[in-house]
Amino acid sequence: MDSEPKPSFLSAYLKSSSVIFDLKADDKVQALDELCEVLAKQKLIANKKIILTRLIDRERLETTAIGDHVALPHARVDTDGEVAVAVGRSEKGVEFDSVDDKKVHLVILVVWNPSIPGLFNHLFAGLAKFLRRADFRSRAFQAKDKADLYNILSEIELMLPPLDVTVSRASLLKRLQEIEIKRKRATKEQKKLLEKESLHLREELDQALLARFDRLMERYGFAVADVADGACQGCNINVATGMSAAIDGSNDIYICENCGKYLVAYRGAPAKTAKSAKPAKAAKAAKAAKTAKTGKAAKAKKKT
Ligand SMILES: [Zn+2]
């Protein structure tokens with residue numbers, strides 16, 4: 001039972017005082033500023049300037065206007081703080097570089113903290129699921145007043161992961177590693193999808209972790225190693241017994257004292273461990289191999 005996702009509602013994160021019934025903004029930046037101001041005034045965010053910058057930077061990577069007059073801008077804060085949500089409705093519409101070029105009439109802004117990995121993606125998925133429904137959107141667009149809009153949005157159900165099965169940051173890093181490795185040999189079309197997936201995973205992880213991850217990826221071709229039979233599969237050196245036990249099922253991040261890689265408890269099949277722990281070796285082997293046959297074998301090994 002505990003592993004069932006627990007339903008929660010947007011009203012758990014959205015205060016009626018954070019709803020703007022008619023935004024003054026004409027464009028994206030003005031709208032983000034207006035919504036941040038509402039959160040700052042209520043002290044729901046500590047530093048408006050930083051958050052506004054993050055929101056704008058995020059929009060530059062990829063627009064959050066998902067189409068059908070809806071935008072879901074978001075920013076992460078690495079300092080402490082709860083999830084803060086602000087909503088703006090716009091009668092005249094806001095220019096938001098939407099994927100379908102339509103003006104945006106509903107903006108739901110989310111500021112969150114990555115202390116609960118997986119929270120953001122579930123929140124975002126819940127919002128998107130409701131807002132893709134035409135009947136739900138038209139009810140929101142036709143709300144009579146602020147209270148009416150708040151009540152309609154409060155129906156949005158978010159399937160949040162229960163705390164005990166919350167994705168660990170180490171497993172998010174591992175998935176990110178798989179994507180980054182795939183990206184290197186992907187076709188142009190695949191690359192687009194992988195970049196998007198990488199971006200979504202990076203949303204959940206804090207800057208310091210990512211900076212270190214990227215350095216390790218650049219230096220070794222991989223950054224996360226499994227722990228199997230008490231040994232780091234990145235360097236085959238045993239990790240301390242207490243540490244090995246702690247890594248299992250933990251949300252903390254552990255680093256191999258010998259090779260410096262992030263450690264993640266091994267859960268898959270043995271073949272998988274060998275693959276994900278030694279892509280650098282496989283790549284090296286492929287490079288060193290002069291014959292096409294050996295190169296092919298190394299490639300196949302990585303694919304499985
Ligand atoms: Zn190691």
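A nonpolar core is a set of buried Ala, Val, Leu, Ile, Met, Phe, Trp, Tyr and Cys residues joined through C-beta atoms within 7 Å. In this predicted model, the largest such core holds 45 residues, and L35, V85, V107 and V111 touch the most other members. The protein chain has twelve helices and twelve strands. Of its 304 residues, 32% are buried. Among contacts with a separation of 6 or more, 68% join residues 24 or more positions apart.

**Nonpolar cores**

- Two or more residues of the largest core come from each of these elements: β2 (14–20), α1, α2, β4 (70–71), β6 (84–94), β7, α3 (119–131) and α5 (146–153).
- Strand β7 gives the largest share of this core, eight residues.
- Leaving aside residues up to four places away in sequence, V85 touches L10, Y13, L14, S18, I108, L109 and V110.
- A second core, separate from the one above, has 21 residues, including F213, F222, Y262 and L263.

**Helix α2**

- Helix α2 covers residues 48–61, and its 14 residues should span 20 Å at 1.5 Å a residue; the end C-alpha atoms are 20 Å apart, so the two values agree.
- I51, L55 and E59 are the buried residues to note in α2.
- These residues lie on the same side of α2, because they cover an arc of only 75° around the axis.
- The other side of α2 carries the exposed residues K49, T53, D57, R60 and L61.
- From its buried residues, α2 packs against α1 (28–41), β5 (74–76) and β7 (104–112).

**The four-stranded sheet**

- Four strands form an open sheet in the order β10-β9-β12-β11, and their pairing is mixed.
- The edges are β10 (231–232) and β11 (254–255); each has a single partner strand, so one side of each is left without a neighbour in the sheet.
- Strand β11 pairs with β12 (residues 262–265) in the antiparallel sense, over two bridges.
- I255 has Y262 of β12 as its bridge partner.
- Helix α6 (residues 169–184) packs on this sheet and touches β9 (224–228) and β12.
- The direction of α6 makes about 105° with that of β12.
- Y262 therefore has two roles in this account: bridge partner of I255 and, by the set of buried residues that defines a core, member of the second core.

Terms used
Residues are numbered from 1 along each chain as its sequence is written. This is a predicted model: local features need pLDDT of at least 70, side-chain atom pairs count only at pLDDT 80 or more; totals for chains, interfaces and linings use all residues. Two strands pair if DSSP finds at least two bridges between them. Two residues are in contact if their C-beta atoms, placed from the backbone, lie within 7 Å. Axes are lines fitted to C-alpha atoms, for helices over the stretch in contact, and angles run from 0 to 180 degrees between N-to-C directions. The expected span of a helix is 1.5 Å times one less than its number of residues. A residue is buried if 20 or more other C-beta atoms lie within 10 Å of its own, exposed if 12 or fewer, and partly exposed in between; C-beta atoms are placed from the backbone. The arc is that of the directions from the helix axis to the C-beta atoms.
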